[in-house]
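Reader: I would like a close look at one part of this structure, with the reasoning set out step by step. Please start from the charged side chains and move outward from there.

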Amino acid sequence: MDEKNALGTNVIAQIGILVNDIETTSQAYADFFCIDKPEWSLTDQLERAQTEFEGNPTEARAKLAFFDMGSLQLELIEPDHYPSTWRKHLDEHGEGPHHIAFFVKGMNEKMELMGRNQMPLLQKGEYTGGRYAYIDTFKDLKIILELLENDS
């Protein structure tokens, strides 16, 4: 990398796990950890989310359930059938880990730096209060990195 610690942090904020059935898997996590099962939410539609996968706009949406687990969050992701990093990874690898996420400042600069270092952007989009980007770091780090940038 061009800089030491290109992300500006080494604190993992979230682990994302792909699932085929968010209801069943959410209940399994809740039962295992003796915690409340969170309600899932649906990602925004293309008009609001501005989702791009492999450089192209996509209608892709996913059901998301979040478990706050102390210092990090577990995110369960059940993707729809439209093209996305979630759908592609689930189809190719089955259920299981998809990404680890970090909060960053200067999202565009981080994406550009990583791209220059053969870590290309897979998917990006907006959410209420911020934006996300999935970066293909699998060759070197053996996982996808998600960058999260909140407006506040």
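Which salt bridge do the side chains of R131 and D151 meet in, and what is its N to O distance?

Author: This is a predicted model, and the values that follow are computed from it. The side chains of R131 and D151 meet in a salt bridge with an N to O distance of 2.6 Å. R131 lies in strand β9 and D151 in the segment after β10, so this pair ties together parts that are 20 residues apart in sequence. D151 counts as exposed, because its relative accessibility is 53% and the cut-off for that class is over 50%.

R131 has further partners. R131 also forms a salt bridge with E149, where the closest N and O atoms are 3.2 Å apart. Here R131 lies in strand β9, residues 130-135, and E149 in strand β10, residues 144-150, so the pair ties together parts that are 18 residues apart in sequence. In contrast to the exposed D151, both R131 and E149 are buried. A salt bridge also links R131 to E126, with 3.8 Å between the closest N and O atoms, which falls inside the 4 Å cut-off for a salt bridge. E126 is partly exposed, at a relative accessible area of 29%.

Taken together, the shared partners matter for the description. The side chains of R131 and D151 meet at 2.6 Å, N to O, and salt bridges that share partners join E126, R131, E149 and D151 into one network. For the structure as a whole, the count comes to 10 salt bridges. Strand β10 also holds E146, which is buried with a relative accessible area of 3%. E146 and R116 are 30 residues apart in sequence, and their C-alpha atoms are 17 Å apart in space.

For a setting of another kind, one can turn to the aromatic side chains. A search of the whole structure finds five aromatic pairs. One of them is formed by Y29 and F33, which are stacked, with 6.3 Å centre to centre and 20° between the planes. The stacked label follows because planes under 30 degrees apart count as stacked. Y29 and F33 are separated by about one helical turn, because they are four residues apart in helix α1, residues 22-33. Both rings belong to partly exposed residues: Y29 has a relative accessible area of 22%, and F33 has one of 37%. Y29 and F33 also belong to one aromatic cluster together with F32 and F67.

F33 takes part in a surface feature as well, since F32, F33 and I35 make a nonpolar surface patch of about 310 Å². I35 is placed in the loop between α1 and β2, the latter being residues 41-42, and I35 is partly exposed, with a relative accessible area of 34%. A charge and a ring come together elsewhere: the charged end of K63 sits over the ring of W40, 4.6 Å from its centre.

Helix α3, residues 85-93, completes this account, and T85, W86, R87, H89 and L90 are buried in it. At the start of α3, a side-chain oxygen of S84 reaches to within 3.3 Å of the backbone nitrogen of W86. After α3 comes G94, whose phi is positive, near 80°.

Key:
Residues are numbered from 1 along each chain as its sequence is written. This is a predicted model: local features need pLDDT of at least 70, side-chain atom pairs count only at pLDDT 80 or more; totals for chains, interfaces and linings use all residues. Side-chain values use heavy atoms; hydrogens and water are left out. Rings of Phe, Tyr and Trp (its six-membered ring) pair if their centres lie within 6.5 Å; planes under 30 degrees apart count as stacked, over 60 as edge-to-face and the rest as tilted. Helices (H or I, at least four residues) and strands (E, at least two) are DSSP runs, numbered from the N terminus. Buried means under 20% relative accessible area, exposed over 50%, partly exposed in between (1.4 Å probe, protein chains only). A charge sits over a ring if NZ of Lys or CZ of Arg is within 6 Å of the ring centre and within 35 degrees of the ring normal. Patches are made of residues with over 30% relative accessible area and no salt bridge: like charges are joined within 9 Å, nonpolar side chains (Val, Leu, Ile, Met, Phe, Trp, Tyr) within 5 Å. Accessible areas come from the Shrake-Rupley method with a 1.4 Å probe; for residues, only the protein chains shown count as cover. A polar contact is a pair of N or O atoms within 3.5 Å; within protein, one must be able to donate a hydrogen and the other to accept it, and residues adjacent in sequence count only if both atoms are side-chain atoms.
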